[in-house]
Each structure stands twice: as C-alpha cells, then as structure tokens.
2 protein chains.
Amino acid sequence: MFDTDALRLIDAVARLGSFTAAAAELQYTQSAVSRRVAAIEARAGGPLFERLPRGVRLTPAGATLHRHTRDVLERLQRVNEELAAIHQGTGGRLRVGAFATANAALVPTALKDYAREFPGVDTTLVEGLTRHLVDRLDEGAIDVAVVSDYPAGLDTPPSIVLEPLLEEEFLVGLPAGHRLAAQEVVDLRDLRDDNWIEGARPGQNLMLAAACATAGFTPRVSMRVGEWTGKLGFVAAGLGVTLVPALATQGMRPDLVLRPIAQQAPRRTVFAALPRAPLPAARELARVLAGAAGRMAGCTTPSPTSRAVWPPA
Amino acid sequence: MFDTDALRLIDAVARLGSFTAAAAELQYTQSAVSRRVAAIEARAGGPLFERLPRGVRLTPAGATLHRHTRDVLERLQRVNEELAAIHQGTGGRLRVGAFATANAALVPTALKDYAREFPGVDTTLVEGLTRHLVDRLDEGAIDVAVVSDYPAGLDTPPSIVLEPLLEEEFLVGLPAGHRLAAQEVVDLRDLRDDNWIEGARPGQNLMLAAACATAGFTPRVSMRVGEWTGKLGFVAAGLGVTLVPALATQGMRPDLVLRPIAQQAPRRTVFAALPRAPLPAARELARVLAGAAGRMAGCTTPSPTSRAVWPPA
DNA sequence: CTTTGGGTATTCCATGCACGCATGCCTTCC
DNA sequence: GGAAGGCATGCGTGCATGGAATACCCAAAG
C-alpha cells in the first residue's frame, strides 16, 4: 500500500513538475525524492512520472494515483482538524442523555445556549431513566447525562462523576375543576381520599409513597401510567391527581393546575453525570446546563435548602 | 499526520476491540501494537482507546478517527486496484485523438470493438489535426492518436512511434447531377474548368494542388471551407467539386457522388501514434485499430501498393 | 564541437525508528 | 489464592530512509 509520506511526495512532485522543486518544498534533498519515487513506482507496478529533459510529468497511472492522493490527503487534514476540535470542545459529536422531565425545559434550554456557543458540535439526545443513562455513560455510549438522585440514591460507578445542577421540589397536579384547584397551596392530607396516578416504571412510586407517608396516609393508587403525556392526560380528564416535578411545569398543558405542597415537599437533586475523563465538549455542556438550571422556575441551587414556591413570583 | 500503517492499526484495533487480536491479525506482536497506539495517541493529542479490563474501546475521538480511517483505507484499496487495471490494460482511462475523417468510420468501429473487449476502460475522444494531435500526444494530454502523413510528411518527435494502419486514396466528390457523375472513373483533367472547394486549414490545399499538378493543370479554387460538413454541403449544392478521402465515404450524404480518379490518385497513409512507453490500453487500441483498418472499404493495407477501387466490389 | 546549466539517477554512509523478546503489572475469574 | 488474559515497558537489533557527493543525460548556447 502507499504511505502517507509517499502520498505527500507524489502530490508535491505532481504539482510542481519536478523532483528538485518537490524536494525543496518538502525539505528533502533531490536524491531522497528520486529514490523514494523510484521505490513508490516499484510498488505501484509501473512508472508514475515520465522523465523529461526539464522536470517530470505524470503518466496516466500517475495521474490516477494523484487524483486519489489529493482526496486522501485532504481527508487526513480534515481528521486532524476534527480531532483538534474535539479536544478543544469546539467540534465533534456529543451524545447527551437525559431523563424525561429534564427534556421538558432544562435540556432544551441548555442545548440551545450550547449550540449558540459551539455551533461546530453535533449533538444527539437520548431519553432514558437515570439507571439506564448511567449504564450507557459507563459503557461509553453517551458522553454526558442529566440524571436525578431519586429514587435509589444514585449509586454510580467510580468511573462517573456527578455535578449537582439544581434541586427541585414536586408539586401536585390537579385537574382544572378540582375542588382544591383554587387554593394557593395544597395540603397533602386533603388528597388522602383522591385517586393517585403514578408512574409505571420501577422506583417511580417511591416518591409518592414517601411524601404521603410524611403526611400521614397511604395513597390510593388507581393507575400506573408509563408515559408523561399519558399520565397528565389522565389527570386532566379528572381520573386522579399526581405529583409533578417542578422542572416539568414549563409548557404544561393548560387544563392542569399545579400547586405547591403545604408540608415538607418531596425534593430531588438533578445532576450532570460525566465520565471521569470527559470530552471537553461534554464538560462545556455541563457548565451550560448549570447556567440553565439557575434560570429554571421553581428550582433552587443545590446546596442551599431554600423553599420553592409555585407559581413563582 | 497519520501514517497508513497507523490507519490500518487503528482500524484493526477498533474492529477487534483488543490490542492482542489486532496484533495477531496484522502479524505484529502485542507490544508493538501497544507502543504504536500510544505513539498515535500522542500525535492525535489525546487517547483514542479506552482501556478496559478486557480489551479496549474507542473513545469519541477514536471513533471519529476510525470513521475516516475506514474511508481512507478503502480509497487506497481502490487506488491499488485501479493501478493494477491500468497496467494490465483492462481498466483506467484512455484518451484518444483522431483527425476528423478518421472519426467518420475507422475510429468508431475500432472503439466499438475495443469497448467490447475491454469494457473496463473509460475512453474519451478528441478531434484535431495531425499536427495538433502529435503535440498533445507528446505532452501527454492524450494516450494514443490516429494521424495521417499528409500533408507535411509527419515529422514526429522521437518520443512518438508510428504504426501504419492503412493506406487510402482520395476520390473526387461530385454533386449528384454533375455531368461526370455517370462515369465509373473520373479523369481529373475533365475537371480542370470546375470550381474546387478545399479545406481552409493550413496544408489542406497541398493535396489538391499536387493531384492537379500531376494531371497537368492548376485547380481553380473558388472556396475554402473549414468544416467537413460545410465542404460537402457546398459540393452537394453544386457550387463545386472536391477531393474526399476514402475513409470518409462511410455514411456519406446521398446527394453526393464519389468517383475514383483515373490517373494516379493522391494517397495518404494513416497511422496510430503512440508514446514510446504507451499505456497497455493504448497499445491494445492500436491493435484493434489495425484490425478495423483492414475492414475499411476503399483502403489498402499499408505496405503493398495495390490500387483502390471505388465503389468496392 | 564544446560548454554550460538544469535536471535526474546512483553510490556510500549514518541515523533513527519500529519491531520482537522478555517481563511487569493489573484485573477478573475459578 | 492461583491462574489466565490483556496492556505497558526496557532493551537490543535490523531495516528503511534521508543526506552528501557524484555520475549521467539532454538541450540550448557559444
């Protein structure tokens, strides 16, 4: 096969039409070029340059080779640029994972900011539960993920580092005509006899159970719905009430009423998860996510424990 | 930049997911692969493979590189195949030049045969005067040319070799209603008072002048027309008579009558011109041209001086 | 015919890169 | 705890590659 040095040599000789000139351009001596070309021609199976009294000229075989040569060299140049871009975080592909609620507002906001700052980065987004996202991150299928610590406390492998983004509380979601919809704040105990809609996936019921336990009752769960849109649809239809994380309130359907919880509301923390040696682009996105998190309504920065109010002032 | 060996190594490791396996495939030792990969990663500016307990895995940067790697290697493979094809004469591009009359029948016939025998060769055709074709051939712009020795005796540079294809004679072209059109053979002296149409390009009048000089008169030239179609159009319209090479009789317009010349007809030899080191494909085409020349009506093989008869029996 | 100049081919030699071998170290699995 | 699989590393060597000098070739000029 042909060496890249050989390709560069072929290109230079073809462009300049002379061994001597090519040698000057590539910082070789003429003799080196001569011998190298001879070696390349031997490997190519025939002469690539026609020797003229003054300089050389491509043979048809040489011209064929030269055409490909230019493309290949150009391609290698592009590879170098892309690698440099990847290492600077200003290019390449970035695969992002996020749980469903984060995709309502936080992640879109952040990705919009990010795309403005790094237009060269090609981002793709996958949605999944925290558990799943951590696994994908660990196996390198995604580069950065937005995850939450609830439920199950987020046992991440040591190869993954977490950066807290925000702390959010859960609100109750009521149908528009619900008897408590007029109140500014809802006491969970007033909902002890209502039907509750909860998620169908494993662990998603822990949050509700814990909150109601704090309030001193056990919720009557009438339905388990996997998807968010379906869950909210059932609530809007008056079939029950549910817990809604504050992050999901953006763009909430108008026939639903969200009210903060009177007693200690269930809370969870949202993290950016990165591999221990993340892509620069991933690290940048984590930074942008933190900025976007600060602008999310109804959420607080992670460390302080200030109370969330809904709707925000 | 990246060496082709490096590219092959990257590809093997990425495909097999292991230094050891890649080493086995490429007939290296594991240690060589390890150090080579380390060197490549240093040049790439960052790790390309993530080391796992069992084997390795591409990092995003590595994946980017690998994508290009495969394309480049594939391309180099294609180059090799093309070069092999060129040297066997079974592929590549063949640039053919021919003078106008040869393009009437000889060259199309030969190219048709040639394409059937070597379907892999991509042929292009340029038309031009012999002088021009020889220059183009000398500078490598075309690979083979069909030229004639008339006029000017064909002084070719030593870098070009000529292979005689055929010897053709010139006929007189008369309008359909001409007073001599009924004769089987025309005596040039009967045309001493006719208007002659001749070519406009330099040297094209020599043939007519010589022929008429042999017959003992000087032709009255009424018009000079550059293009063949125009020339024949004028003759067909009854504006004059002209000389027509035998090769051009194929596909001649029906309102023209061609008649052999009674006295010694002007003749010319047609050659295939090749560079001293021709493409195998060019050499093959020369062979096919010789075959086609043997089947051309009104022409003779070069060495014997047999008289041409028109129309042929 | 000789000279000169621009270009390529060839010979000799030094250098350094890359590979193989042997070994070390880590992790996982039995 | 031992065995096995896999990557990293230190050392020695051989071959490829480039530099310097020179021979060679051709064309144009004197």
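This passage goes through how the two protein chains relate to each other and how they meet the two DNA strands.

The model is predicted, so to speak of local features pLDDT must be at least 70, while side-chain atom pairs count only at pLDDT 80 or more and totals for chains, interfaces and linings use all residues. Residues are numbered from 1 along each chain as its sequence is written, chains are lettered from A and ligands numbered from 1 in the order in which they are written, and side-chain values use heavy atoms, with hydrogens and water left out.

Start with the pair of chains. Chain A lands on chain B with an RMSD of 0.5 Å after a rotation of 178° and a shift of 0.1 Å along its axis (least squares on the C-alpha atoms of residues with pLDDT of at least 70 in both copies). That is the relation of a two-fold axis. Both copies use the same surface, as 100% of the contact residues of chain A recur in chain B (contact being heavy atoms within 4.5 Å).

Helix 4 (residues 60-88) of chain A meets helix 4 (residues 60-88) of chain B, with axes that come within 10 Å and cross at roughly 180°. Helices here are DSSP runs of H or I with at least four residues, numbered from the N terminus; axes are lines fitted to C-alpha atoms over the stretch in contact, and angles run from 0 to 180 degrees between N-to-C directions. The two helices are therefore roughly antiparallel, the label for angles over 145 degrees. Their contact has 16 nonpolar, six polar and eight charged residues (Ala, Val, Leu, Ile, Met, Phe, Trp, Tyr, Cys and Pro count as nonpolar, Asp, Glu, Lys and Arg as charged, and the others, Gly among them, as polar).

On to the DNA. Around strand C sit 18 residues, of which A:F19, A:T20, A:R51, B:T29 and B:S31 come nearest; a residue is near a strand if one of its heavy atoms lies within 4 Å of it. Sugar and phosphate make up 54% of the atoms of strand C within 4 Å of the protein. Phosphate oxygens of strand C lie 3.0 Å from a polar side-chain atom of A:S34 and 2.9 Å from a backbone N or O atom of B:T29; polar contacts are pairs of N or O atoms within 3.5 Å. The surface near strand C divides into five nonpolar, nine polar and four charged residues.

DNA strand D has 17 residues around it, with A:T29, B:T20, B:S31, B:S34 and B:R51 the closest. The side chain of B:T20 places an N or O atom 2.5 Å from a phosphate oxygen of strand D, whereas a polar side-chain atom of A:S31 is 3.2 Å from a base nitrogen of that strand. The surface near strand D has four nonpolar, nine polar and four charged residues.

Key
Parallel < 35°, antiparallel > 145°, perpendicular 65-115°, else oblique. Polar contact = N/O pair within 3.5 Å; in protein donor to acceptor, adjacent residues only side chain to side chain.
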